[in-house]
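Thanks for coming. I have one structure to go through today, and I will take it piece by piece. Please have the sequence and the 3D view open.

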Amino acid sequence: MDKRFKLIRCRLLLPLDEKIGLETRIEDGYVLTENDLIREVGAFSREAAERIIRDHGGELRVIGAAAEGKPTAGAIPMLDAVVLPGFVKGHGHDHESPIIGVAKDEPLTAWLDHAVNAFTGFLLEKGDELKSVFGASPHLITYAKARLDDIYYGITSALTHHCNFNKYNIADLIEANLRAGTRIVIAVGSQDRNYDPRILDTPAKAVGRLEEYRSRFQGVERVKIIPGPDQVFSNSEEMLRALKQWSLDHDTLMHIHSSEEPATTRWFYRKYKMSPVQQLHRAGVLDKNAILAHQVNNTPIDLEILEATGAAVIHNPLANTILGSGMPPIIEMMERGIPVAVSTDGSGSADNQDMIAAARLASQYQKARRRDAKVLPAQKVLEMVTVVPAKILRINAGSLAPGRSADLIAVDLSRPNLTPTRKDNVIENLIWAADGSEVRWVIASGRILKDDYRFVTLDEAKLKEQVLKLSEMMMEYKAGLAEVRVTGARSEEGPAGT
Ligand SMILES: [Zn+2]
């Protein structure tokens, strides 16, 4: 049985908390959690251990020690690890977990058709057959694998943009998250133009879907539902206005892909005589509760609008570089006070969910681009995958402090690539030397999801086997398919020849 209190003692501790001090690094630190919240954070001492055991000993689980029996103050193991908040992913897609490595060396819109739309179309068409093969919903398998990937890399909270065909399958996503023990913000997709006619909405239909999901799933633990129109090019101003009104009525965030790559943005400009940001602004979408994924291409007016409205940007350097989309001017954005977090995007375009790799690339790219080694130091990009996205997503996580959600990870410092790690270089080593696979313990909402590298809540072996089979079937289906071409921004009116 899971115990009410958990104590983790570690060689190094990074609270990443504004009150404690964002740059505070504690040697021989500890975190005590009670149920789903953090109760204490600080430097470990024999006195603290005796007090904690005296007060809670019977209900205390010490991480790294035997799960059974009452712990003793003199035998609290100090893990050779750095403990920090669980990563907060500001933009991803759980439906992409089986399509890593598919349609590579292609730009965004072709990749959307050849990887994402091919796969989600496959699930739509072959759903019943797949259900009988697997004895379970293929969507549930896909989403559970995405949760497994997140836990693997230490992501305890994620915004999952549930767009295109997936907007119909929210129950499976919620079920996968409940089983996994993570926290998700679901941005429910919609589109009413320039996309696959099979899934086009009207504003009333899209709002009705949100209303239905809200009434069915409001109150489900660790889940929030917000509007997530897929793209600006696939949602009319009328649609955007209707969704924004719903978001205002229910005090939610709103999320959308915006200005992801130059060709699509140019296409948009030609067709609508304004930038996607200008259209979002005209539709009244942009304010402190608006979160834009990417925002790679920016006119000076776009940056002024973002600065004036307070909208946040989620930067996805892995996806942006793999798809050849370009990189957004995040330093200029941050100088203007625009909130910017770093994320991975879905597994299909980023091909992994390694938040450390994303943070490293964000820093590395900007240092080279600006020929200035001082920009985006390790401390800053670590904040951009923890405390900053937690604020943007309005969740009580991303920092280790009393009263925060008990979401933390322990990164193994005994690995050769992380030796030697000390107090003075621990954050630098996390960003520059870690490969992301050193996450040894993951605790979310006070529950252990990964225990000494072992997944606790999900069946790793079964999920891997199922996803491999699912991907093989999808590739077979795709081989017999005429070319998929449903992404409107690459239609005849699209950017050909530009
Ligand atoms: Zn995306």
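Let me start with one residue. Valine 385 touches Phe87, Val88, Val342, Met355, Ala358 and Ala359, leaving aside residues up to four places away in sequence. Keep in mind that this is a predicted model.

Which residues touch the most other members of the largest nonpolar core? They are Leu7, Val82, Val83, Ala359 and Val385, out of 152 residues in that core. Helix H2, residues 108-134, supplies the largest share of this core, with ten residues. Both domain 1 (5-86 + 400-455) and domain 2 (87-392) give residues to the core, so it lies between them.

That brings me to the domains. The protein is divided into domain 1, which is 5-86 + 400-455, and domain 2, which is 87-392. Their C-alpha centres lie 31 Å apart. At the contact, 22 residues of domain 1 meet 27 residues of domain 2. On the side of domain 1 that touches domain 2, the elements giving two or more residues are helix H16 (426-432), strand E15 (439-444) and strand E16 (447-451). H16 gives the most to that side, with five residues.

While we are at H16, look at the loop between strand E14 (408-412) and H16, where proline 420 is found. Threonine 419 and proline 420 are joined by a cis peptide bond, with omega about 10 degrees.

Next, a pair of helices. Two packed helices are described by the angle between their axes and the distance between the axes. For helix H5 (residues 203-217) and helix H6 (residues 237-249), the angle is about 25 degrees and the axes are 9 Å apart. Why is H5 called roughly parallel to H6? Angles under 35 degrees count as roughly parallel, so the pair falls in that class. The contact is made by Pro203, Ala206, Val207 and Leu210 from H5, and by Glu238, Met239, Ala242, Leu243 and Trp246 from H6. As for handedness, H5 passes H6 in a right-handed crossing.

Now helix H7, residues 262-272. Its buried residues are Ala263, Thr264, Thr265, Trp267 and Phe268. Among what covers the buried residues of H7 are H2 and helix H8 (276-282). H2 is also the helix that gives ten residues to the largest nonpolar core.

Right after H7 comes lysine 273, in the loop between H7 and H8. Phi of lysine 273 is positive, near 60 degrees, in a residue other than glycine. Glutamine 295 also has a positive phi, about 50 degrees, although it is not a glycine. Glutamine 295 is found in the loop between strand E11 (290-294) and helix H9 (300-309).

Buried or exposed: which is lysine 273? Lysine 273 has 9 C-beta neighbours inside 10 Å, and the limit for exposed is 12 or fewer, so lysine 273 counts as exposed. And glutamine 295, buried or exposed? Glutamine 295 has 27 other C-beta atoms within 10 Å, and 20 or more is the cut-off for buried, so glutamine 295 is buried.

To close, go back to the core. Val385, one of the residues that touch the most other core members, has Ala359 among its contacts. The core itself lies between the two domains, because both give residues to it. That is what I have.

Definitions and conventions: Residues are numbered from 1 along each chain as its sequence is written. This is a predicted model: local features need pLDDT of at least 70, side-chain atom pairs count only at pLDDT 80 or more; totals for chains, interfaces and linings use all residues. A nonpolar core is a set of buried Ala, Val, Leu, Ile, Met, Phe, Trp, Tyr and Cys residues joined through C-beta atoms within 7 Å. Helices (H or I, at least four residues) and strands (E, at least two) are DSSP runs, numbered from the N terminus. Domain bounds come from an automatic or database domain assignment. Two residues are in contact if their C-beta atoms, placed from the backbone, lie within 7 Å. Axes are lines fitted to C-alpha atoms, for helices over the stretch in contact, and angles run from 0 to 180 degrees between N-to-C directions. Angles under 35 degrees count as roughly parallel, over 145 as roughly antiparallel, 65 to 115 as roughly perpendicular and the rest as oblique. A crossing is left-handed if the near helix is turned anticlockwise from the far one by less than a right angle, and right-handed if clockwise.
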